Amino acid sequence: MDTQKEALCRIISTLANKNEELQTFLETVNTTLTGLQEESCKVTSELEAELERLSSALNDKGAELRGAIEEEKQRKEAALQKQLSEGKCALLSCEEMLNCANKTLMITNEEEFLKAAKQIKERVTMALAFRLTTRPAVSENMTQFMVDFSKERVGLQRLHFLPVPRAPEIDASSCVVCDNTVMVVWQPAEEFVVDSNTVSRRIESYELEYRKTNCDSSMRAAGEACWEKIPDIRETQVTITGLKFDYRFFVVRVRARNKAAVGEFSEPVAIETTAYNFGFDVATAHPELRVQGNTITWEPQGVKGHDSRLKGKENMSRNATPSPNKAAGSRSGRDRFAGESYTVLGNQEMSGGCHYWELCPLADWKSYSVGIAYRASLGRFDQLGKNTGSWCLHASQWLQCSLAAKHNNRAKALDWPLPKRIGIYCDYDNGDLSFIDVDRLHLLHSFKTKFSQTLVPAFTVWCGGISVTTGLQVPSFMGKFLSSSRSFSNLSQ
């Protein structure tokens, strides 16, 4: 009976996984179908617009050529009309002089004849008919305006869709992950040459999409983020900055675009992006601390609205992906910090490896401490840095400004301005804990010890508040601090 139940449970689990996979598949197909319909309308509209532009260009060119012919025709017509008018006048004048000459021949009186003959001679000398050219000023030839668009017709007959660029190939070995940035490099897609008479269709830009996931496949699991897009990339690489690594993998894909056609996406590549993620264990929070998202604020008893913290872990609003380290177990209600220990712990333990997170005080802060602790070493009323199981950096601007490193109820004052952003670095295996002024890139203090229990981040806030940033890689600037931080404080032990 039990064996059959176990087998049935395995079948149910398999069916549930397949059901989720099919739902994701159907969602992908529906999205693709919608995209196909939208893309078809888009390319049809672009085709009509391109044909309209082509027709308009032909009409414009036809009008230009017709205008040139008409202009030449009018020029020649004007010249010929002028010759016609002058020729008609010359002809009338010539006919009149001819009649006059014929009449002169009939004169018998010698004196009158000589006088008339002289007048005719003078008129002939000045006559328009003898100064007018008898050859047309222009010819009827218009062959210079003959056209032959046979090549253009062949070109029009070759009109076709732009060749779609092939998918680029992401060069995973050249991709770099550093300081919460990802540089993605790919090999360019081939350029196309349709035939020897056409110009190659050069790639104009690339489009990259990325998303975060906890699995290294291209399929999106339910609840995971959709693809985010970076368009109009002109090089064959791009650097994505300001990322929070709250998932195990960073999946990328890229496609090429020419004048109007966009190609298929490359095969997705999953890039591992490990970082330390944690939230706050609200069950440990002092009753006068309000934990919301990535902030902790101090609210004295009686301030309306802080009771929501008492509801337990279900109110924890950080949507951080658990780190590979196990999550810290819940403290019971009696373990909630009390008294003057305005403390809350992180909810992810550290039992090995290197970890980094950052803290920024809010505008109205007065006093806070940040560090790490053995979870079991802190009692309800214990304050950070006042026992052997906790290490912290304490900052205060109450009455006067001060900065100090604390451990085992001993404090070392630090001669440095109050930082606006503090980086906390913990190397569990080597027993290193360092605090960095991130804006000034200054090592504030380093502890050196040997950790013997699992650690959790710890925070104390009195009057004001702080915000905490997780999902960060160990930044590259830590290298110089680690090499120069070997002269540790006598508070280390």
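These are my notebook entries on two sheets, a surface patch and a pocket.

**Entry 1: the model.** I worked from a predicted model.

**Entry 2: the sheet from β10 to β20.** I looked up the strand order of this sheet. I found an open sheet of seven strands, ordered β10-β11-β22-β13-β18-β19-β20, in which the pairing is antiparallel. I then asked which strands stand at its edges. They are β10 (289-292) and β20 (442-448); each has a single partner strand, so one side of each is left without a neighbour in the sheet. From one strand to the next, I noted an average twist of 20 degrees.

**Entry 3: the pair β18 and β19.** Within this order, β18 is followed by β19. I looked up their ranges and recorded residues 422-427 for β18 and residues 432-437 for β19. Six bridges pair the two strands in the antiparallel sense. As one point of register, I noted that Gly423 has Ile436 of β19 opposite.

**Entry 4: the sheet from β9 to β17.** I turned to another open sheet of seven strands and wrote down its order as β9-β12-β21-β14-β15-β16-β17, again with antiparallel pairing. Its edge strands are β9 (280-281) and β17 (410-413), and each of these pairs on one side only. I also looked up how β14 meets its neighbour β15 (residues 390-396): the two run antiparallel and are joined by seven bridges. For Val370, I found Leu393 in β15 as the bridge partner.

**Entry 5: the second largest pocket.** I asked how much space lies in the second largest pocket. The value is about 270 Å³. I listed its lining residues as Glu340, Tyr342, Ser367, Tyr368, Ser369, Gln383, Leu384, Lys386, His394, Lys406, Thr460 and Trp462. I next asked which strand supplies the largest share of this lining. It is β14, with three residues. Both β14 (367-374) and β21 (455-462) supply at least two lining residues each. I noted that β21 and β14 stand next to each other in the strand order of Entry 4.

**Entry 6: the nonpolar surface patch.** I looked for the members of a nonpolar patch on the surface and recorded Leu47, Leu51, Leu54, Leu58, Leu156, Leu159 and Phe161. Together they have about 650 Å² of accessible area. Helix α1 (residues 2-104) gives the largest share of the patch, four residues. I placed Leu159 in the loop between α3 (150-157) and β1 (169-170).

Notes: Residues are numbered from 1 along each chain as its sequence is written. This is a predicted model: local features need pLDDT of at least 70, side-chain atom pairs count only at pLDDT 80 or more; totals for chains, interfaces and linings use all residues. Side-chain values use heavy atoms; hydrogens and water are left out. Two strands pair if DSSP finds at least two bridges between them. Axes are lines fitted to C-alpha atoms, for helices over the stretch in contact, and angles run from 0 to 180 degrees between N-to-C directions. Patches are made of residues with over 30% relative accessible area and no salt bridge: like charges are joined within 9 Å, nonpolar side chains (Val, Leu, Ile, Met, Phe, Trp, Tyr) within 5 Å. Accessible areas come from the Shrake-Rupley method with a 1.4 Å probe; for residues, only the protein chains shown count as cover. A salt bridge is a side-chain nitrogen of Lys or Arg within 4 Å of a carboxyl oxygen of Asp or Glu. On a 1 Å grid over the protein atoms alone, a cavity is a set of points where a 1.4 Å probe fits but cannot get out, and a pocket is an open set with protein on both sides within 12 Å along at least five of seven lines; lining residues have an atom within 4 Å of a point. Grid points are joined across faces, edges and corners, and a volume is the space filled by probe spheres set on the points.
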